[in-house]
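Reader: I am new to this structure and would like a close look at one part of it, namely the charged side chains and how they pair. Please take me through them slowly, with enough of the surroundings to place them.

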Amino acid sequence: MKTGTRVGVFGLLGSGNLGNDGSLEAVLGYLRAEHPEAVVDALCGGPEAVTTRFGIPATRLHWNRAEYRTASRAGAIAAKGLGKLVDVFRTAAWVRRHDVVIVPGMGVLEATLPLRPWGFPYSLFLLCASGRLLGTRVALVSVGAAEIGNRPTRALVRWSARLAAYRSYRDAQSRDAMRAMGVDTARDEVYPDLAFSLPTPEPSAPSGSPGPVCVGVMDFHGGNDDRARADEIYRRYLDGTIRFVRALVEEDRPVRLLTGDECDASVVAAILDAVDSPLVTAAEPASLADLMKEMAAADTVVAVRYHNLICALKTGTPVLALSYAAKSDSLMERMGLGAYCHPAREVDADRLLEQFRALEKRSAELRQTLTERNLAAARQLQDQFTALTSALFPASGHTHTHTPRKAS
């Protein structure tokens with residue numbers, strides 16, 4: 001690769017979501033190993049956090065610092081409108097400075113959580129359109145996608161995907177969703193989520209019986225199409241989770257509460273307030289590595305957030321998914337735990353306990369299954385990085401010993 005190839009990374013990075021930052025960590029690991037001469041910087045949501053943690057220069061994604069606050073006063077609304085215009089030129093100027101821009105993983109082509117079209121979908125469209133106009137290759141790498149009902153959001157996402165120079169998806173249904181939305185996916189590949197390429201902590205020694213249970217929580221109010229009953233969904237999810245944790249405590253099981261985003265702290269506080277027991281404690285993970293250490297020490301995990309599920313699966317710890325989107329069901333199926341999904345919108349504590357006990361009975365068998373599936377995921381992601389080098393760095397002069405293989 002020519003010295004000093006300029007590589008940009010783009011997304012809601014450094015904004016408190018551990019999964020997004022884990023995807024960035026995986027791509028930076030690839031770049032440092034395979035393309036050490038690359039000069040890397042970011043256009044992202046939390047530039048200070050990205051620079052502090054990853055040691056790369058970073059620029060704020062939006063000109064308007066209040067982009068993600070609700071604007072009600074005339075001045076704030078005007079600032080948002082002006083920000084959308086200014087961001088056209090800011091994004092283009094940033095893209096122009098790069099040879100390649102990588103969007104590392106994340107669900108950038110979906111709206112399974114509440115999303116406004118003029119937020120991130122608009123930013124992604126500006127990125128991909130600028131790349132096409134200015135001759136900078138934009139790569140959407142192992143991203144998540146889902147069919148979108150909202151017409152403006154759907155249009156922005158569809159055009160972003162069409163304008164990208166390279167696309168790969170973290171599961172087959174993401175590729176199917178983009179095809180259904182009118183994107184030609186004939187040359188697009190499917191690989192595991194980028195987080196499966198991160199280092200895995202050493203498994204902990206058995207802690208005796210009964211062992212600890214990690215419960216990953218989420219500030220969950222449903223998705224884009226659930227706005228009218230968001231409060232009802234949240235209350236049902238929280239009440240069901242509290243009942244489940246209380247039942248574990250009554251069986252003398254230690255429970256460790258885990259988050260995946262800064263906004264989840266309020267859910268942890270609500271559970272600790274409702275279940276007053278020294279058996280219930282809370283971790284403060286700052287990275288996916290922190291999450292994996294917690295989960296490696298657990299007998300079993302129950303989790304909602306997609307990347308919390310990945311962390312449990314990657315450590316080989318049996319996990320029960322409180323599923324809020326098809327991506328969670330697909331992930332669990334691919335890793336051999338498809339029978340252990342429970343709807344996050346309708347948590348039934350009694351049914352959840354039944355599934356939990358059934359999962360624990362098969363723990364040894366499922367740990368062996370996860371060991372095998374994790375080895376396969378690691379091989380497939382190595383293929384992903386090989387394919388990425390061929391697509392984005394054709395002059396790198398690298399020689400490779402194997403051909404990219406599509407994940408099943």
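Author: What follows sets the scene briefly and then turns to the charged side chains, one group after another.

The model is a predicted one, and the protein averages a pLDDT of 90, with 89% of the residues scoring at least 70. One stretch calls for caution, since pLDDT stays under 50 over residues 397-408, for which the model nevertheless has 25 contacts beyond four places in sequence. Where pLDDT is low, the predicted coordinates should not be read in detail.

As for the overall build, the secondary structure comes to 13 helices and 13 strands, and of the 408 residues in the protein, 55% are buried. Among the contacts with a separation of 6 or more, 72% are made by residues 24 or more positions apart. The accessible surface comes to about 17,400 Å², and carbon and sulfur atoms hold 52% of that area.

Side chains of opposite charge can pair when their charged atoms come close. In this model the count comes to 20 salt bridges, and a few of them can be followed residue by residue.

A good place to begin is Glu147, which forms a salt bridge with Arg154, the closest N and O atoms lying 3.8 Å apart. That distance counts because the cut-off for a salt bridge is 4 Å. Arg154 itself is partly exposed, with a relative accessible area of 22%.

Glu147 also matters for reading another arginine, Arg158, which is found in helix α5, spanning residues 151-163. Arg158 is buried yet has no salt bridge, and Glu147, the nearest side chain of opposite charge, is 8.9 Å away. Since a salt bridge requires the nitrogen and oxygen to be within 4 Å, a separation of that kind does not qualify. What does Arg158 touch, leaving aside its neighbours within four places in sequence? Arg158 is in contact with Met178, Met181, Gly182 and Val183.

A second pair joins Arg256 to Glu294, with the closest N and O atoms 3.0 Å apart. This pair links distant parts of the chain, for Arg256 sits in strand β9 (residues 255-258) and Glu294 in helix α9 (residues 288-296), 38 residues apart. Both partners are partly exposed: Arg256 has a relative accessibility of 25%, and Glu294 has one of 22%.

A third pair is formed by Arg362 and Glu365, whose closest N and O atoms are 2.6 Å apart. Here, too, each partner counts as partly exposed, Arg362 at 31% relative accessibility and Glu365 at 45%. Beyond such pairs, salt bridges that share partners join Glu110, Arg170, Asp193 and Lys327 into one network.

A charged residue also appears in helix α10, residues 306-314, where nine of the nine residues are buried. Lys314 is one of these buried residues, and others include Tyr306, His307, Asn308 and Cys311. After α10 comes Gly316, with a positive phi near 80°.

Cys311 leads to a last point about cross-links, which is that the structure holds zero disulfides. Cys311 is buried, with a relative accessible area of 1%, whereas Cys263 is partly exposed, with a relative accessible area of 36%.

Technical notes:
Residues are numbered from 1 along each chain as its sequence is written. Side-chain values use heavy atoms; hydrogens and water are left out. Helices (H or I, at least four residues) and strands (E, at least two) are DSSP runs, numbered from the N terminus. Buried means under 20% relative accessible area, exposed over 50%, partly exposed in between (1.4 Å probe, protein chains only). Contact means heavy atoms within 4.5 Å. Accessible areas come from the Shrake-Rupley method with a 1.4 Å probe; for residues, only the protein chains shown count as cover. pLDDT is the predictor's confidence in each residue, from 0 to 100. A disulfide is a pair of cysteine sulfur atoms within 2.5 Å. Lys and Arg count as positive and Asp and Glu as negative; His and the chain ends are not counted.
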